[in-house]
Amino acid sequence: MSLHPECDSAVEDVINEAIVSDLYDSPVEIELSNLNATDKLKDVIRQEFKAIKEMMGFDKKSHEIFRNWYVDGRVYYLKVIDVKNPQDGIQELRYIDPMKMKHVRQEVNNNQNVNGVSIRNLQQTAVNENTIEEYFIYNKSVGTAFPGGNQGAKNSVKIAKDSIAYCTSGLVDRNKGIILSYLHKAIKALNQLRMIEDSLVIYRLSRAPERRIFYIDVGNLPKVKAEQYLREVMSRYRNKLAYDANTGEVRDDRKFMSMMEDFWLPRREGGRGTEITTLPGGQNLGELSDIEYFQKKLYRSLSVPESRIAGSGDGFNLGRSSEILRDELKFSKFVGRLRKRFANLFTDILRTQLLLKNIVTPEDWEKMEEHIQYDFLYDNHFSELKEAELIQNRLSLTTTIEPYIGKYYSTEYVRKKILKQTDTEIIEIDMQIDSEIERGILPDPNAPVDELGNPIPQEGGETPGEAIEQGEGGEVPIEPKGGKI
């Protein structure tokens, strides 16, 4: 499916939005601002994540890796470690063909047989995690994915679950119990598009040319002689020029007659004699509405906006959010979900790396995992435009309501209801303002001022905003704003 031109174009739109290749920046970076840990530990985690990307070659092959995951619906990497020195961490990450991997999850039989009756151990009232065995089977046979019989067992290798880093699409066929690709929902739409395209081509080839009909007067000749006379007339006047696409030559071919050419029909005595008429070609051959409908249906099934179809005429709009298509916003959210799902691959590999090197303990990792995020380079400007417009509207509303603060509205109400700041953001912003006042970046609102609003200089200090101008006659103070010399 991914090799079909229309489908490939839609898939490329998804991949290009999810993985943004930049000349200087990496497509993805780890984000630890929400992690409650020391700066030293954060630096170590960042270095390990950088090493993981280098082992995967993600900066160079990010587009290929993400495309394989999107098309196949899953991706597998084998974690290669030094068994003698596991504290050295992962030594290599090897890509595995997902068609050759199978995830097996089975229950371990802990039952006891008494007189032929299977009795479960009373201590195990339910199936817990210890009774479930999970592992992967790798089948190296090409084209024989897990065949039955002994041959499949000979070519199969059992691999522990922790040795494989994998990420699936999250789409599951509940009836068959298999992982699906994001292209599965477009199978019907793509087949319909192929069929309508083929039928359109066939119809145009067979109905496009105008053909002539030759009615040949054979008089009262017998049937055999009439047909012979007709063939003689055909061979006498008929000349077919055929074009050879392989050699580029135009040659004369008199061996056969095609339906796309002229018709020769005998006419008996008593008719109107020899006559030549024209059979018109097909009408409305330029109608492409059916093709366009199934193209839009294919793009919709792949969650790609219809406006991105090549040649649709809809340009890229960078206007206000009210002018942005709703499909583009849905597409932006869809790409965000894909990124979040794909980031599970990094989390799995990073967990193994940190545990092997004894950087964190399993208990610490369970607490840290939820606060580790990944920052992908973003190229979709719709969310940025929407956020900028929301901030502009909030600030405009705040300016309007400012005279009523302290009379009808409180500052806390404005910050929470108008500016939509959360409690955490309010605390962080207040801390940042206090820090900038201490460093002198912002003026101290509690500092004493004179009648004109200028800060009063403190002992041993100078009045902010007052400068000394050097001139020939000595030092002349510059006039403070709103005052006199």
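How many bridges join strand 2 to strand 9, and in which direction do the two strands run? Strand 2 and strand 9 are joined by 5 bridges and run antiparallel.

**Before you start**

The model is predicted: local features need pLDDT of at least 70, side-chain atom pairs count only at pLDDT 80 or more, and totals for chains, interfaces and linings use all residues. Residues are numbered from 1 along each chain as its sequence is written, and side-chain values use heavy atoms, with hydrogens and water left out.

Colour the chain by pLDDT, the predictor's confidence in each residue, from 0 to 100. The average for the protein chain is 80, and 76% of the residues score at least 70. Select residues 121–127: here the pLDDT is below 50, and the stretch has 5 contacts in the model beyond near neighbours in sequence. Residues 461–473 also have a pLDDT below 50, with 14 contacts beyond near neighbours in sequence. Contact means heavy atoms within 4.5 Å.

**Stop 1: the sheet 3-2-9**

Helices (H or I, at least four residues) and strands (E, at least two) are DSSP runs, numbered from the N terminus. Two strands pair if DSSP finds at least two bridges between them.

Select strands 3, 2 and 9, which form an open sheet in that order with antiparallel pairing. Strand 3 (90–96) and strand 9 (164–168) are the edge strands, each pairing on one side only. From one strand to the next, the twist averages 20 degrees. Angles run from 0 to 180 degrees between N-to-C directions, and axes are lines fitted to C-alpha atoms, for helices over the stretch in contact.

Now show strand 2 (residues 74–81), which 6 bridges join to the antiparallel strand 3. Pick L78: opposite this residue stands R94 in strand 3, and I164 stands opposite L78 in strand 9. Move to V80, which faces E92 of strand 3.

Add helix 3, which lies across strand 2, strand 3 and strand 9 and runs at about 125 degrees to strand 2.

**Stop 2: helix 3 on helix 8**

Keep helix 3 (residues 58–72) and add helix 8; they pack at an angle of about 110 degrees, with axes 12 Å apart. Helix 3 and helix 8 are therefore roughly perpendicular to each other. (Angles under 35 degrees count as roughly parallel, over 145 as roughly antiparallel, 65 to 115 as roughly perpendicular and the rest as oblique.)

Show the side chains of F58, I65, F66, W69 and Y70 in helix 3, which make the contact with F334, L338, R341, F342 and F346 of helix 8. By class, this contact of helix 3 with helix 8 has 9 nonpolar, no polar and 1 charged residues. (Ala, Val, Leu, Ile, Met, Phe, Trp, Tyr, Cys and Pro count as nonpolar, Asp, Glu, Lys and Arg as charged, and the others, Gly among them, as polar.)

**Stop 3: helix 2 on helix 8**

Next, select helix 2 with helix 8: their axes come within 10 Å and cross at roughly 115 degrees. The crossing of helix 2 and helix 8 is right-handed. (A crossing is left-handed if the near helix is turned anticlockwise from the far one by less than a right angle, and right-handed if clockwise.)

On helix 2, the contact is made by I45, E48, F49, I52, M55 and M56; on helix 8, by L345, F346, I349, L350, Q353 and L354. The residues of this contact of helix 2 with helix 8 divide into 10 nonpolar, 1 polar and 1 charged.

**Stop 4: helix 1 on helix 8**

Select helix 1 (residues 5–18) with helix 8 (residues 326–356), which pack at about 70 degrees with axes 10 Å apart. Helix 1 and helix 8 are therefore roughly perpendicular, and their crossing is right-handed. Show D13, V14, E17 and A18 of helix 1, which meet F331, F334, V335, L338 and R339 of helix 8. The contact of helix 1 with helix 8 divides into 6 nonpolar, no polar and 3 charged residues.

**Stop 5: the sheet 4-7-8**

Finally, select strands 4, 7 and 8, an open sheet of 3 strands in the order 4-7-8 with antiparallel pairing. The edge strands, each pairing on one side only, are strand 4 (101–107) and strand 8 (156–160). Neighbouring strands of this sheet are turned by 35 degrees against each other on average, direction ignored.

Which residue is the bridge partner of I137 in strand 8? The partner is K158. Strand 7 (residues 132–139) is joined to the antiparallel strand 8 by 5 bridges.
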